[in-house]
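Reader: I'd like to learn how to read the features of a protein model, one at a time. Could you walk me through them?

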Amino acid sequence: MKYLLTLIIVMVLGTVSLIAQAKKGTYKMNSETSKSKSASKLYERGSTIKDVSLLTQLSNTNSKFYIAPYEHGYVYSEEKKKSNSQAADYSFYFVGVSGNRFDKPKTFALNAPTGLKPVAVSFSNDRLTMFATCLKPGSKTSYTIYQANKQNNVWSGWQELEIAKPFESAGFAVVNTAGNKMYLCAKSKIYKTGYDIYTSEYNDGWQKAILVQGDINSDGDDMFPTLFNDVLFYSSGAKGGEGGKDIIFVNLKDNNRECFNAGNKINTNAGEQMMILNEDNKSGLLIRNAPIATKAEVFRIVADDLFIK
């Protein structure tokens, strides 16, 4: 009887805990359940893609880490890995684009404060504000977010965003065209469930980041959000698909927040890190991990029809 009473108490407490977590939007199902639920709602949408090819102009011995639209081209970061005991080095470049031609990359100056180590940057629609994902001091894998402003063609006024501080790690922020909503990925200090996609609204400053609603976050890492109008692209490691990390997208204005797999011409078993869809809705860029090599490369995507309809 004593044993039975103890068991009942444990079960009740466990149920209460799960309910509390569910209300907060932080509880995740076990891996198998989560994958089954997510996979059942994924419908492949990649049939219009006619070509995914390596962008040889950017290919070298270093691994590509992150890329973002900027003026008439892109800014990207390269990761040069060092020994296990040292954090990698990151370099930034700008590549101009004219039609289908990519120019020779040029060094992109961040003017980051001494001691700060940026790994990725994105920009506001007017290109006057930069959001930099930086390694936390003394860490090789935990990030925080800084904001800098462009004055006289120099990035200055670097400040850490308050919304990033409550997390164990937060980064890779993107802002919508209107500049009033941010999407980022972050890892909670309390719930050890990997990276999730969060959102924050601007109201006299960026407000507390909350989990994106809908069946978007999975039991694995959900990272590297990008935006095409009201469509959110991100990389997920537990949404089902081709294996490894796959590119998933969802219309944020859809009440059901139904997730779609970007298709087997984009997603492979190699692992896709991030995707950008250009304004023409027919072309974009993809960072994909090579299946054998130890580096990630940038690929160009071309569709024969509108990707988002």
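Author: Sure, let's start with charges: a salt bridge is a side-chain nitrogen of Lys or Arg within 4 Å of a carboxyl oxygen of Asp or Glu. Arginine 101 and aspartate 103 make one, with 3.1 Å between the closest N and O atoms. Before we go on, this is a predicted model, where local features need pLDDT of at least 70, side-chain atom pairs count only at pLDDT 80 or more, and totals for chains, interfaces and linings use all residues. Residues are numbered from 1 along each chain as its sequence is written, and side-chain values use heavy atoms, with hydrogens and water left out.

Reader: How many salt bridges does the structure hold?

Author: The total is 10. Another one of them joins glutamate 162 to lysine 165, with the closest N and O atoms 2.8 Å apart.

Reader: Are arginine 101 and glutamate 162 buried or exposed?

Author: The general idea is a relative accessible area, found with a 1.4 Å probe on protein chains only: buried is under 20%, exposed is over 50%, and partly exposed is in between. Arginine 101 has 51%, so it counts as exposed, while its partner aspartate 103 is partly exposed at 28%. In the other pair, glutamate 162 is exposed at 55%, and lysine 165 is partly exposed because its value is 38%.

Reader: Which parts of the chain does the pair of lysine 150 and glutamate 71 link?

Author: For that you need the naming of elements: helices (H or I, at least four residues) and strands (E, at least two) are DSSP runs, numbered from the N terminus. Lysine 150 and glutamate 71 form a salt bridge at 3.3 Å, N to O. The pair links distant parts of the chain, 79 residues apart: lysine 150 is in strand S10 (residues 143-151), and glutamate 71 is in the loop between strand S3 (63-69) and strand S4 (73-80). Glutamate 71 is partly exposed, since its relative accessible area is 48%.

Reader: Let's stay with S10. How do I read its strand pairing, and what are the bridge counts?

Author: Two strands pair if DSSP finds at least two bridges between them. S10 runs antiparallel to strand S9 (residues 129-135), with 7 bridges joining them, and methionine 130 has alanine 148 in S10 as its bridge partner. S10 also pairs with strand S11 (residues 154-160), again in the antiparallel sense, over 5 bridges. There, tyrosine 146 is matched with glutamate 160 in S11. The hairpin of S10 and S11 has 2 residues between the strands, and asparagine 152 takes a positive phi near 55 degrees in it.

Reader: In what order do the strands of the open sheet come?

Author: The order is S8-S9-S10-S11, so to speak a row of 4 strands with antiparallel pairing. At the edges are strand S8 (117-123) and S11, each pairing on one side only. Ignoring direction, neighbouring strands are turned by 30 degrees against each other on average; the axes behind this are lines fitted to C-alpha atoms (for helices over the stretch in contact), with angles from 0 to 180 degrees between N-to-C directions. S8 and S9 are antiparallel and joined by 6 bridges, and proline 118 stands opposite cysteine 134 in S9. In the loop between S8 and S9 you'll find arginine 127, with a positive phi near 65 degrees although this residue is not glycine.

Reader: Now for rings. How many aromatic pairs are there?

Author: Rings of Phe, Tyr and Trp (its six-membered ring) pair if their centres lie within 6.5 Å; planes under 30 degrees apart are stacked, over 60 edge-to-face, and the rest tilted. The count by this rule is 21 aromatic pairs. Phenylalanine 123 and tryptophan 155 have ring centres 5.8 Å apart and planes at 40 degrees, so this pair is tilted. The two residues sit 32 apart in the chain, in strand S8 and strand S11 respectively, and both are buried.

Reader: Which residues form an aromatic cluster?

Author: One cluster is made by Phe65, Tyr66, Tyr90, Tyr143, Phe172 and Phe224.

Reader: And where does the charged end of arginine 288 sit?

Author: A charge sits over a ring if NZ of Lys or CZ of Arg is within 6 Å of the ring centre and within 35 degrees of the ring normal. Here, the charged end of arginine 288 is over the ring of phenylalanine 299, 4.8 Å from its centre.
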